[in-house]
Amino acid sequence: MSRTLSYREAIREGLDEELARDPNVVVMGEEVAQYNGAYKVTEGLWKKWGDKRIVDTPISEAGFIGMGIGASMLGVRPVMELMFWSFHSVAFDQLVNNAACVRYMSGGLINCPIVMRGPANGGTNVGATHSHIPEGLFAAFPGLKVCAPATPADAKGLIKTAIRDNDPVYVMENTLLYGMTGEVPDPADGDFTIPLGVADLKREGKDVSVIAHGRSVIHALAAAETLQAEHGISVEVLDLRSIRPLDQDAILKTVMKTNRVVLVDESKGFGGVSAMVSHLIQEHAFDYLDAPIKRVTTMDAPAIYSQHIENEQLPNPRRIVEKVLSLR
């Protein structure tokens, strides 16, 4: 059985269940306690779990992320909320030089079971310094795991798995998805988790594969409806869900089935996630391709403040439809 929850409610339910399951889990971040979180993801958790489990921090990402990493090395399982993933830059040393490397450099003697979560997206008209999409950046560092849920069910299942993982997991959410609703399994039916490194086939098709992650999956599904209704093109939509580890088998399987592929990625095209996926397809499935690999990415400029222009800067259903049609 399942219920309809919003994306933010699904994350909150996942956090609540993990707080109940493991006394070492704590939630930390700016305004996550009394204020209920900047996006109300942690609403009600402070009243239920108190000051020791839901901890407000100073406005210093360098400070509180460093504190969380240190605590995780000693057995705590912190879940750190970033108000914007764009603020990662002031804690870059902690995020990639400490969290990513400590297990390797200690010969496996010290784990860093920490979760970093928060919105990593453009499209909210908050300017260039608040609109970075850094999943490809962090996936480039060995020792880090990165995921980007597109639906409420995926958001809950992945956050629970991330909290239980013994390595740092960076969860890239999307502000524009927090209010989106969807079916989420009922806790009464058992513990619901989604493993990292497993993609999800959101729509079956036979003519072309569209591979995406995060909010781009929602755009891909909308484009698939248009392409089927107006052009008779059957589109298969694969949701990566996990950026690192990456489900290479699922990627190759869908490409070998349809022989055409469009990659959709909110990152900038230069060095983005889709660039890595494109390389994997070229290396392992080149002979199956009947057309060049195409990409729809965010146009290569800092985030544009004007709403209607930023909407065009990011991937959207129209741009995906046009790219698919260009494969003919």
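Asn-259 sits in the loop that runs between α9 and β13 (261–268). In this predicted model, its phi comes out near 70°, a positive value in a residue that is not glycine. A second asparagine does something along these lines: Asn-125, also not a glycine, has a positive phi of about 60°. Asn-125 belongs to the loop between β5 (115–119) and α6 (135–139). Both are worth flagging because most residues other than glycine have a negative phi.

The backbone has another oddity at Pro-245. The peptide bond joining Arg-244 and Pro-245 is cis, with omega at about 5°. Pro-245 itself is in the loop between β12 (242–244) and α9 (248–258). For context, most peptide bonds are trans.

That loop leads on to α9, and α9 packs against helix α10 (residues 273–285), with the two axes coming within 10 Å and crossing at roughly 65°. The crossing is right-handed. On the α9 side, the residues involved are Gln-248, Ile-251, Leu-252, Val-255 and Met-256. Facing them from α10 are Val-277, Leu-280, Ile-281, His-284 and Ala-285. Sorted by class, this contact holds 8 nonpolar and 2 polar residues, and no charged ones.

A second helix pair is α1 (residues 7–21) with α7 (residues 152–164), whose axes are 8 Å apart and meet at an angle of about 30°. Angles under 35 degrees count as roughly parallel, so α1 and α7 are roughly parallel to each other. As for handedness, α1 and α7 make a right-handed crossing. From α1, the contact draws on Tyr-7, Ala-10, Ile-11, Glu-13, Gly-14, Leu-15, Glu-17, Glu-18 and Arg-21. The α7 side supplies Pro-152, Ala-155, Lys-156, Ile-159, Lys-160, Ile-163 and Arg-164. The make-up of this α1–α7 contact is 8 nonpolar, 1 polar and 7 charged residues. So much for the helix pairs; two single residues remain.

Arg-203 is part of strand β9 (residues 200–203). Its relative accessible area is 18%, and since the cut-off for buried is under 20%, Arg-203 counts as buried. What does the side chain of Arg-203 do for polar company? One partner is the side chain of Glu-225, in a polar contact at 3.0 Å. In addition, a polar atom of the Arg-203 side chain lies 3.3 Å from the backbone oxygen of Val-235. Both of these partners turn up again in the wider set of contacts, which leaves out neighbours within four places in sequence: Arg-203 is in contact with Leu-221, Ala-224, Glu-225, Gln-228, Val-235, Glu-236 and Val-237.

Ala-71, in helix α3 (residues 61–73), falls in another accessibility class. With a relative accessible area of 22%, Ala-71 is partly exposed, because that class covers values between the 20% limit for buried and the 50% limit for exposed. Once residues up to four places away in sequence are set aside, Ala-71 touches Val-76 and Pro-78. Further along the chain, Tyr-170 is 99 residues from Ala-71, and the C-alpha atoms of the two are separated by 17 Å.

Methods
Residues are numbered from 1 along each chain as its sequence is written. This is a predicted model: local features need pLDDT of at least 70, side-chain atom pairs count only at pLDDT 80 or more; totals for chains, interfaces and linings use all residues. Side-chain values use heavy atoms; hydrogens and water are left out. Helices (H or I, at least four residues) and strands (E, at least two) are DSSP runs, numbered from the N terminus. Buried means under 20% relative accessible area, exposed over 50%, partly exposed in between (1.4 Å probe, protein chains only). A polar contact is a pair of N or O atoms within 3.5 Å; within protein, one must be able to donate a hydrogen and the other to accept it, and residues adjacent in sequence count only if both atoms are side-chain atoms. Contact means heavy atoms within 4.5 Å. Axes are lines fitted to C-alpha atoms, for helices over the stretch in contact, and angles run from 0 to 180 degrees between N-to-C directions. Angles under 35 degrees count as roughly parallel, over 145 as roughly antiparallel, 65 to 115 as roughly perpendicular and the rest as oblique. A crossing is left-handed if the near helix is turned anticlockwise from the far one by less than a right angle, and right-handed if clockwise. Ala, Val, Leu, Ile, Met, Phe, Trp, Tyr, Cys and Pro count as nonpolar, Asp, Glu, Lys and Arg as charged, and the others, Gly among them, as polar.
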